[in-house]
Structures are given as structure tokens and as C-alpha cells.
Amino acid sequence: MAKASRTEALLWSVALPGFGQLLNGKYIKGILLITLEFLINLKSHLNWVIITSFHGNLPLIEQADMEWLMFYPCVYMFGIWDAYKDAGEELKVNASLPFAFGAFFGTIGVVYSKYFLGAVWLGLLGIGAGVIVGIGLQSFFWNRVKDT
């Protein structure tokens with residue numbers, strides 16, 4: 001079985017963490033990530049948070065278990081990173097930065113979501129901002145390596 005392309009593994013992991021690992025033949029990791037996804041989703045009431053956020057009912061976010069919900073951005077971004085890393089050949093220097101910063105900023109977004117936009121929207125904005133910051137830092141470091 002041929003390995004998946006990086007883009008394919010990344011997109012399947014965006015759909016559900018663990019799918020990219022299954023696609024890459026890393027079955028134990030894939031099943032573990034899918035299990036973590038469902039456990040965090042269940043314990044944090046994430047589906048309920050998503051539904052209420054899409055209906056604009058943000059004050060009800062207090063009914064979510066924030067201690068569990070804070071794990072989600074890290075597990076989500078790790079699953080994407082791991083599938084991306086395993087799918088291709090050699091990676092660029094600091095290729096993990098967009099994923100790591102996405103996880104960090106996403107978690108910060110979830111922490112402050114009680115006060116602004118709710119966990120779904122502020123978490124997603126945090127992930128997006130973190131990925132952009134990570135790409136910027138990756139480019140900065142990549143250019144410094146090329147200049148030396």
C-alpha cells in the first residue's frame with residue numbers, strides 16, 4: 001500500500017484526528033487519537049458547544065467542561081501534525097511550528113472563550129492565528145538558515 005500524500009493525510013486529520021494515521025498505516029496511533037477525540041468530545045460536551053455556538057447562544061458556554069475542552073486543540077493539532085509528518089519524506093526545518101503554535105493559540109482561545117466569541121469561534125481563530133504565526137516564524141528561521 002502506497003503512503004498517502006501529505007495533503008491527503010492532513011485533510012483527513014482535519015476531518016477527524018486519527019484518520020490520517022489510519023491512512024498512513026499507523027493503526028495504533030490512529031485508534032488512540034480517535035479514542036481521545038471521542039473521550040474529550042464526550043467529557044467536554046463539545047458537540048453541544050458547537051451547536052449552541054452556531055446558533056449564537058454563547059452565554060451557555062459555562063455548561064461545557066472547560067478542563068476537558070482545553071485538551072481539544074492540542075490533540076487536534078497533534079493529530080494533524082503527526083499525520084502530515086508521517087505521510088511524506090523529509091520535512092523543512094521547523095515544520096512543526098505552525099502546528100505547535102496553532103495548538104497553543106487555540107488553547108488560549110478556549111481559555112478566554114467565556115468572555116468573547118465562545119469556545120468554537122475563539123478556539124478556531126486562535127488555531128488560525130497560531131498557524132499564521134508559526135508559518136511566519138518558520139519562514140523567518142528558514143531564511144536565516146539559508147543565509148548562513
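**Size and overall build**

I started with the radius of gyration of this predicted model. For 148 residues a compact globule should come out near 15 Å, and the chain has 16 Å, so the value agrees with a compact globule. I then looked up the extents: along the principal axes the C-alpha trace spans about 50 × 40 × 20 Å.

Next I asked how many helices and strands there are. I found eight helices and zero strands, so my sketch of the order along the sequence is just α-α-α-α-α-α-α-α.

I also checked contacts between residues with a separation of 6 or more, and 62% of those join residues 24 or more positions apart.

**Surface and charge**

The exposed area of the chain is about 8700 Å². Carbon and sulfur atoms supply 69% of that area. Of the 148 residues, I noted 39% as buried.

For charges I counted 10 positive and 10 negative ones. Their mean positions lie 5 Å apart.

**The largest nonpolar core**

Which residues have the most contacts inside the largest nonpolar core? I wrote down Val49, Leu69, Tyr72, Tyr76, Met77, Ile80 and Phe99, out of 20 residues in that core. Then I checked which helices feed the core: α3 (27-44), α4 (46-54), α5 (66-69), α6 (72-87), α7 (97-111) and α8 (118-147) each give at least two residues. Helix α6 has the largest share, with six residues.

**Phe99**

I picked Phe99 from the core list and placed this residue in helix α7. Is Phe99 buried or exposed? Its relative accessibility is 12%, and the cut-off for buried is under 20%, so Phe99 counts as buried.

Leaving out neighbours within four places in sequence, I found Phe99 in contact with Leu10, Met77, Ile80, Trp81 and Tyr84. Two of these partners, Met77 and Ile80, are also on the list of residues with the most contacts inside the core. I also looked up a distance to Asn47, which is 52 residues away along the chain: the C-alpha atoms are separated by 23 Å.

**Leu69 and Ala119**

Leu69 is another name from the core list, and I found this residue in helix α5. With a relative accessible area of 3%, Leu69 is buried. What does Leu69 touch, not counting residues up to four places away in sequence? My list reads Ser44, Leu46, Val110 and Ala119. I also noted 11 Å between the C-alpha atoms of Leu69 and Gly109, which sit 40 residues apart along the chain.

I followed the contact with Leu69 over to Ala119. Ala119 has its place in helix α8 and is buried, at 7% relative accessible area. From Ala119 I went to Met70, 49 residues away along the chain, and got a C-alpha separation of 9.3 Å.

**His45**

Last, I looked at the loop between α3 and α4, where His45 is located. Which sign does the phi of His45 have? The value is positive, near 65 degrees, in a residue other than glycine. I flagged that because most residues other than glycine have a negative phi. As for burial, His45 has a relative accessible area of 39%, so I put this residue down as partly exposed.

Notes: Residues numbered from 1 in each chain as written. Predicted model: local features only at pLDDT ≥ 70, side-chain atom pairs only at ≥ 80, totals over all residues. Heavy atoms only, no water. Core = buried A, V, L, I, M, F, W, Y, C linked by side-chain atoms within 4.5 Å. Buried < 20%, exposed > 50% of the residue type's maximum accessible area, 1.4 Å probe, protein only. Helix = DSSP H or I, 4+ residues; strand = E, 2+ residues; numbered from the N terminus. Rg over C-alpha atoms; globule rule 2.2 N^0.38 Å. Contact = heavy atoms within 4.5 Å. Areas by Shrake-Rupley, 256 points an atom, 1.4 Å probe, with all protein chains shown as cover. Lys, Arg positive; Asp, Glu negative; His and termini not counted. Charge placed at Lys NZ, Arg CZ, Asp CG, Glu CD.
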